[in-house]
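Please explain how this protein chain and the ligands around it are arranged in space. A guided reading in running paragraphs would be welcome.

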Amino acid sequence: MRVIVILLVTCFTLGLSVALLADEAPAKYAGVENCKMCHPDIHTDWSKSRHAKAFELLVDVGEEKNPKCLTCHATGYGKGGFTDTTATPDLAGVTCEACHGPGADHNGDKSKITRVPAVTVCAGCHQQLNIHGLPDATK
Ligand code: HEC
Ligand code: HEC
Ligand code: HEC
Ligand code: HEC
């Protein structure tokens, strides 16, 4: 009897931990070199865009380690993505996954990647700013 109770408790605890883990484990970032392998043309276009150069802007002004800047000038900073250029060079700048979401599980599976990013994804980086010379609406 006791063995069964212990087993049941163990199963329950394990189940709970798995459920919690599943809840907490966010999709992982693959990095832009992964995307490049299968989407070379899109990668070529992207690499010419200003999004691709967003991290260099920080380097130019010596702010490449400032957490306040990395949320918008790198991909997934503070969300399991970019940490620094040594550990995560493929997530510097506004890469594919900044718009399409973390894609480590995608590898061609459509159900594991977002095709059209929600406008809130763009707004997360663009809303508070003076874009195209318009006044900053948040001030
Ligand atoms: C192993 C190859 C492979 C890799 C690596 C890969 N993709 Fe894909 N991707 C594909 C294929 C194939 C399709 C088309 C799937 C289909 O139409 O069923 C696709 C489709 C997509 C789509 C469109 C999904 C849709 O619903 O139409 C997006 C967005 C995308 N990929 C982004 C990415 C990003 C971002 C990365 C890097 C994190 C990436 N891909 C890495 C092969 C890959
Ligand atoms: C909320 C998102 C966000 C944060 C936080 C942010 N930036 Fe930006 N940054 C942007 C966007 C979006 C642009 C492009 C604006 C445009 O094209 O009009 C930009 C443009 C720039 C530019 C180009 C200069 C220019 O005016 O063309 C520099 C340099 C820059 N940011 C540095 C920084 C630094 C340094 C920090 C941290 C102190 C920072 N950014 C924080 C989103 C952000
Ligand atoms: C600034 C945001 C942004 C970035 C960065 C970005 N994309 Fe996209 N991507 C989009 C949007 C928006 C669409 C259009 C969705 C639609 O209308 O179908 C799209 C469409 C796609 C599609 C499906 C349509 C097609 O042309 O085949 C693929 C695949 C894709 N992107 C892959 C990538 C890859 C790979 C990268 C990085 C090299 C990347 N994207 C970078 C926003 C972005
Ligand atoms: C992770 C933050 C981030 C996200 C998400 C993001 N952007 Fe940007 N965007 C930037 C930064 C930073 C720049 C400035 C880069 C530079 O000036 O070098 C920029 C520049 C731009 C520019 C001007 C540069 C150009 O290539 O003409 C446009 C337009 C733009 N973004 C549109 C979008 C749209 C549309 C989306 C959503 C589909 C989006 N962005 C998502 C951060 C972001």
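What percentage of the contacts in the protein chain with a separation of 6 or more is accounted for by residues 24 or more positions apart? The share is 43%. The model is predicted, and its confidence is therefore a suitable place to begin.

The protein chain has a mean pLDDT of 83, and 73% of its residues reach 70 or more. Over residues 4-22, however, the pLDDT is below 50, and this stretch makes 0 contacts in the model beyond near neighbours in sequence. Where pLDDT is low, predicted coordinates should not be read in detail.

As to secondary structure, the protein chain contains 7 helices and 0 strands. Read from the N terminus, the order of elements is accordingly α-α-α-α-α-α-α. Of the 139 residues in the protein chain, 19% count as buried.

The interior may be considered next. The largest nonpolar core comprises 15 residues, of which Ala74, Phe82, Leu91 and Ala92 touch the most other members. The elements contributing two or more residues to this core are α2, α4 and α6. For Phe82, once neighbours within four places in sequence are set aside, the contacts are Leu70, Ala74, Thr75, Gly76, Tyr77, Thr88, Leu91 and Ala92. Among these partners are Ala74, Leu91 and Ala92, which are named with Phe82 as the core members that touch the most others.

Val94 offers a second view of the packing. This residue is found in the loop between α5 and α6. Is Val94 buried or exposed? Val94 counts as buried because 21 C-beta neighbours lie inside 10 Å, where the cut-off for burial is 20 or more. Apart from neighbours within four places in sequence, Val94 is in contact with His51, Ala54 and Thr75. Thr75 also appears among the contacts of Phe82. Along the chain, Val94 and Val32 are 62 residues apart, yet their C-alpha atoms are separated by 9.8 Å.

Other residues have fewer neighbours around them, as their counts show. Leu57 lies in helix α4 and counts as partly exposed, with 14 C-beta neighbours inside 10 Å. Between the C-alpha atoms of Leu57 and His73 the distance is 8.1 Å, for a sequence separation of 16 residues. Val119, in helix α7, counts as exposed because its C-beta neighbours inside 10 Å number 10, and the limit for that class is 12 or fewer. From Val119 to Cys99 the C-alpha distance is 9.6 Å, and the two residues are 20 apart in sequence.

The loop between α6 and α7 holds Asn107. Its phi is near 40°, a positive value in a residue other than glycine. Asn107 is exposed, since 12 other C-beta atoms lie within 10 Å.

Two ligand shells complete the picture. Which residues come nearest to ligand 1? Of the 16 residues around ligand 1, these are Cys35, Cys38, Cys96, Gly103 and Gly108. Two elements give two or more residues to this shell, namely α2 (32-38) and α6 (96-100). With 4 residues, α2 provides the largest share of the shell around ligand 1. By class, the shell consists of 6 nonpolar, 7 polar and 3 charged residues.

Around ligand 4 there are 17 residues, and Arg50, Ala54, Ala98, Cys122 and Cys125 come nearest. At least two residues of this shell are supplied by each of α4 (54-60), α5 (67-73), α6 and α7 (119-126). The largest share, 5 residues, comes from α7. The shell around ligand 4 divides into 10 nonpolar, 5 polar and 2 charged residues.

Some elements and residues recur across these descriptions. Helix α6 gives two or more residues to the shell around ligand 1, supplies at least two to the shell around ligand 4 and contributes two or more to the largest nonpolar core. Ala54, one of the residues that come nearest to ligand 4, is also in contact with the buried residue Val94.

Technical notes. Residues are numbered from 1 along each chain as its sequence is written. Chains are lettered from A and ligands numbered from 1 in the order in which they are written. This is a predicted model: local features need pLDDT of at least 70, side-chain atom pairs count only at pLDDT 80 or more; totals for chains, interfaces and linings use all residues. A residue is near a molecule or strand if its C-beta atom, placed from the backbone, lies within 6 Å of it. Ala, Val, Leu, Ile, Met, Phe, Trp, Tyr, Cys and Pro count as nonpolar, Asp, Glu, Lys and Arg as charged, and the others, Gly among them, as polar. A nonpolar core is a set of buried Ala, Val, Leu, Ile, Met, Phe, Trp, Tyr and Cys residues joined through C-beta atoms within 7 Å. Two residues are in contact if their C-beta atoms, placed from the backbone, lie within 7 Å. pLDDT is the predictor's confidence in each residue, from 0 to 100.
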